[in-house]
Each structure stands twice: as C-alpha cells, then as structure tokens.
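Let's take a friendly walk through this structure together. Have the sequence and the model at hand as you read.

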Amino acid sequence: MFEDLNQKVAVITGGSKGIGNAIAIRYAQEKMKVVINYHSDQAGADKAVEQIKEAGGDAVAVQADVSTEAGVQALLDAAIDNFGGLDVWVNNAGMEIQRPTHEVSLEEWNKVIDINMTGVFLGEKAALNYWLDKKQPGAIINMSSVHQQIPWPTFASYATAKGGVKLLTETTAMEYAPHNIRVNALAPGAINTPINAKKFADKAQYEQTRSMVPMAKIGDPEDVADAAVWLASNQSKYVTGTTMFVDGGMSLYPSFQGGKG
Ligand code: NAD
C-alpha cells in the first residue's frame, strides 16, 4: 500500500519501547530499513531488531542520547554505514517530569527541554545537513503531543518543550520546503505506553483519562505508527508543516460534549 517506502532508510529515536518501537515495527512491515535508537533499554531495542529480522526485514539498534550532537551523529552514521543513506528521520524520544512549576529545579527543567525539544532540533539538523549535501528529498516527523496546544499544570517543562516542537516543525517546514524536505509533527493524546504505565495501572486514573477522550478509549502505539507511515510516504507528498493529532478527539474541548458550556 505504501510501495514507495520499500527499501527506504529511517532513523527512529527512542525506539526501544512505546510509540517509537511501534513505528520501527510498522516501518519494517513496509520493508523499510530502520535504525532503532535506544538510550538505556538495549533489551527492548534488540528485541525489536530480532522481531524485524525474523520477519525478513532489516534493522540495527544503536545507543545514543538524543540531547547530544555526538549521539545524533552516531545515528546518522549508523544509517549511512549499515543501509547506505537516509530518507526518513523520526524524532520520537521524549520524557516528562511532573512537579509544581515553582518547585522544578533548573536541572529538571533543562533535562526535559534538552530531550524533548533540543533533541528534535539536533535530529532535524543532522538529517537536513545530510539531505542538503546530497541534494535529495527527505521527510522528518517530530513527536509532539496534544500538550503543544493544551496547557498542562505541573508539566510546564513538557508542555513548553512540545509547544517549541510545534513552531520548530512549522519554521523548518517553511525553511526547507524549497528543497523538497518535508517536516511534520504527530500529536498523540493518551496512548498506552510505558510513559503512562504508573498512571494507567491505577484504575481510577485510567478511567479519568479515558473520560477526557471523545472516542472513549485510550490509544495504542500502533495508532500513532499508522500515521507515521503515511507522513513518511509519498501519499503525504504535498503535506508539510502540519501537526496531525492522533488523540481520539482529546484536543477538541471534550468537556463541551453534548452541548454543555
Ligand atoms: P516511552 O517512555 O515508552 O518512550 C520514550 C522513549 O524515549 C524511550 O524509548 C526512552 O528510552 C527514549 N528516550 C528518553 N530519553 C532519551 C534520550 N536522552 N535519548 C534517546 N532516547 C531517549 O513513551 P512514549 O509514550 O512511547 O513516548 C514517545 C513520544 O511520544 C515522546 O516524545 C512523548 O512525549 C510522546 N507522547 C506520548 C504520549 C502518550 O500518551 N504515550 C502522548 C503524547 C506524546
């Protein structure tokens, strides 16, 4: 269905678990070759590589911290050395720290910004330089969140980083459109991944989150991965600078449901 993706090369940051892992598996199903970046969960990344190879695909796991230039360069090098180039770069790695804003330390603030926002800049920069040098097109997909738009008290660093990702996506989409390099974002709502494991283990909290979704269900990582396939493919060839919400309607002011308000 996405024939143009066959043999294309993708780097996926934070691919050892959760959404990044689902994207890696889904891309491999489209016969793409994938560099699966992990930070500390080598077992998760190795398992994905094994799964992909057993299914006849090709992947490699590479340790790197996306908030460093050396880490991001190692991912680009792995794509070139193992698969001969780069076509798609998915800036997926992310993390969050919950704390009342007046208690957040500078170290905590910087960590969240460095991984969620600066990491996206560094990933974009590496991919852009490669494609500009080779004079070839490319596609960047940045993992944002509904919190690029919905304020999130006690998660100020995370919401700020995702808001930054939105404008970074739009600005670089405009800047590199003349080079046929597309930059888009995905904004998941509530997805069942390790980032939410503690919260969703609590039935009351799970139900509370579910009640904020008009489609009345928590999303699966595969829901986001399906959108990431489309954004990587030629089927979205005229789409750049957009954020696609994959959120069951969570960003649509659900408390107004039924005419309330
Ligand atoms: P997750 O915790 O399962 O995965 C996050 C991944 O990022 C992990 O593999 C982790 O190792 C990696 N990572 C963290 N710091 C890193 C670093 N310095 N270098 C390299 N990798 C690093 O969470 P997830 O839900 O799969 O999150 C993936 C992305 O989706 C994140 O950007 C997150 O903000 C975003 N998101 C998730 C949800 C959700 O409900 N799950 C909602 C909105 C946005």
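Helix H4 has a kink of about 40 degrees centred on Asp114, where the bend at a residue is the angle between axes fitted to the seven residues ending there and the seven starting there. Helices (H or I, at least four residues) and strands (E, at least two) are DSSP runs, numbered from the N terminus. This is a predicted model, in which local features need pLDDT of at least 70, side-chain atom pairs count only at pLDDT 80 or more, and totals for chains, interfaces and linings use all residues. Residues are numbered from 1 along each chain as its sequence is written, and side-chain values use heavy atoms, with hydrogens and water left out.

After H4 comes Lys135, in the loop between H4 and E5. Lys135 is not a glycine, yet its phi is positive, about 55 degrees. Lys135 counts as exposed because its relative accessibility is 76% (exposed means over 50%, buried under 20%, partly exposed in between, with a 1.4 Å probe and protein chains only). Another residue to find is Lys31, in the loop between H1 and E2; its phi is also positive, near 65 degrees.

Now to the interior. The largest nonpolar core (buried Ala, Val, Leu, Ile, Met, Phe, Trp, Tyr and Cys residues joined through side-chain atoms within 4.5 Å) has 34 residues, of which Ile23, Tyr27, Val34, Ile36 and Leu186 touch the most other members. Elements supplying at least two residues each include helix H1 (18–29) and strand E2 (33–38). A second, separate core of 25 residues includes Leu75, Ala127, Tyr130 and Val183.
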